[in-house]
Amino acid sequence: MATKQPTGDIAIELSRLKPKLPSMYKVLLKNDDYTPMEFVVETIQRFFNKTREQATEIMLQVHTKGAGVCGVYPKDIAETKMNQVLKSAQESQHPLQCVIEPA
Ligand code: TYC
């Protein structure tokens, strides 16, 4: 849709005043052959505030398709969640991988 944009000094003034929305990042889990399904479901519930049913659905998506989105957050929150998942997996000696990518 062609919406007329402000030009010149007005555009600069508006962009200075307008609060910017943070850029959003997806947090994804990757499939592997070793991490137990139960650990993945509990991880999704714990760090992404999902119900057991939602977490099971995401885990099965990862298991069958190779990867799945657990949530979409501002970059700093997405990084924190990724690091929490990786630390928890390492502590339990599971190879579970978690990555972020621009939404
Ligand atoms: N593929 C794993 C298994 O069969 C389960 C699994 C699901 C592992 C999701 C990682 O992100 C994952 N035990």
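How many bridges join strand 1 to strand 3, and do the two strands run parallel or antiparallel? In this predicted model, six bridges join strand 1 to strand 3, which covers residues 97-102, and the two strands run antiparallel. One point of contact can be located on the structure: Tyr25 stands opposite Pro102 in strand 3.

Strand 1 also has a second partner. Seven bridges connect strand 1, residues 24-30, with strand 2, residues 67-74, and this pair is likewise antiparallel. Here Leu28 stands opposite Val69 of strand 2. As general background, the side chains of a regular strand alternate between the two faces of the sheet.

These strands belong to a chain with four helices and three strands. Followed along the sequence, the elements of the protein chain come in the pattern α-β-α-α-β-α-β. The protein chain has 103 residues, of which 29% count as buried.

Helix 4 deserves a closer look. This helix comprises the 17 residues 75-91, and at 1.5 Å a residue it should span 24 Å; the C-alpha atoms at its ends are indeed 24 Å apart, so the expected and computed values agree. The buried residues of helix 4 are Ala78, Lys81, Met82, Val85, Leu86, Ser88 and Ala89. Because these residues cover an arc of only 165 degrees around the axis, they lie on the same side of helix 4. On the other side of the helix, Lys87, Gln90 and Glu91 are exposed.

Two of those exposed residues also take part in a charged contact. Lys87 and Glu91 form a salt bridge, with their closest N and O atoms 3.2 Å apart. Why are Lys87 and Glu91 separated by about one helical turn? The reason is that they are four residues apart in helix 4. In general, side chains of opposite charge can pair when their charged atoms come close.

The structure holds three salt bridges. Another of them joins the side chains of Lys26 and Glu101, at 3.2 Å from N to O. This pair links distant parts of the chain, since Lys26 lies in strand 1 and Glu101 in strand 3, 75 residues apart. Lys26 has a relative accessible area of 23% and is therefore partly exposed. Glu101 also counts as partly exposed, because its relative accessibility is 33%.

A further salt bridge is formed by Glu38 and Arg52, whose closest N and O atoms are 2.7 Å apart. This pair, too, links distant parts of the chain: Glu38 is in helix 2, residues 37-48, and Arg52 is in helix 3, residues 52-65, with their positions 14 residues apart in the numbering. With a relative accessibility of 35%, Glu38 counts as partly exposed. Arg52 counts as partly exposed as well, at 37% relative accessibility.

Finally, the surface also carries a nonpolar feature. Met24, Val69 and Val72 form a nonpolar patch there, with about 210 Å² of accessible area together. Val72 is found in strand 2. Is Val72 buried, partly exposed or exposed? Its relative accessibility is 40%, so Val72 counts as partly exposed. Val69, another member of the patch, is the residue that Leu28 stands opposite in strand 2.

Notes
Residues are numbered from 1 along each chain as its sequence is written. This is a predicted model: local features need pLDDT of at least 70, side-chain atom pairs count only at pLDDT 80 or more; totals for chains, interfaces and linings use all residues. Side-chain values use heavy atoms; hydrogens and water are left out. Two strands pair if DSSP finds at least two bridges between them. Patches are made of residues with over 30% relative accessible area and no salt bridge: like charges are joined within 9 Å, nonpolar side chains (Val, Leu, Ile, Met, Phe, Trp, Tyr) within 5 Å. Accessible areas come from the Shrake-Rupley method with a 1.4 Å probe; for residues, only the protein chains shown count as cover. A salt bridge is a side-chain nitrogen of Lys or Arg within 4 Å of a carboxyl oxygen of Asp or Glu. Buried means under 20% relative accessible area, exposed over 50%, partly exposed in between (1.4 Å probe, protein chains only). The expected span of a helix is 1.5 Å times one less than its number of residues. The arc is that of the directions from the helix axis to the C-beta atoms.
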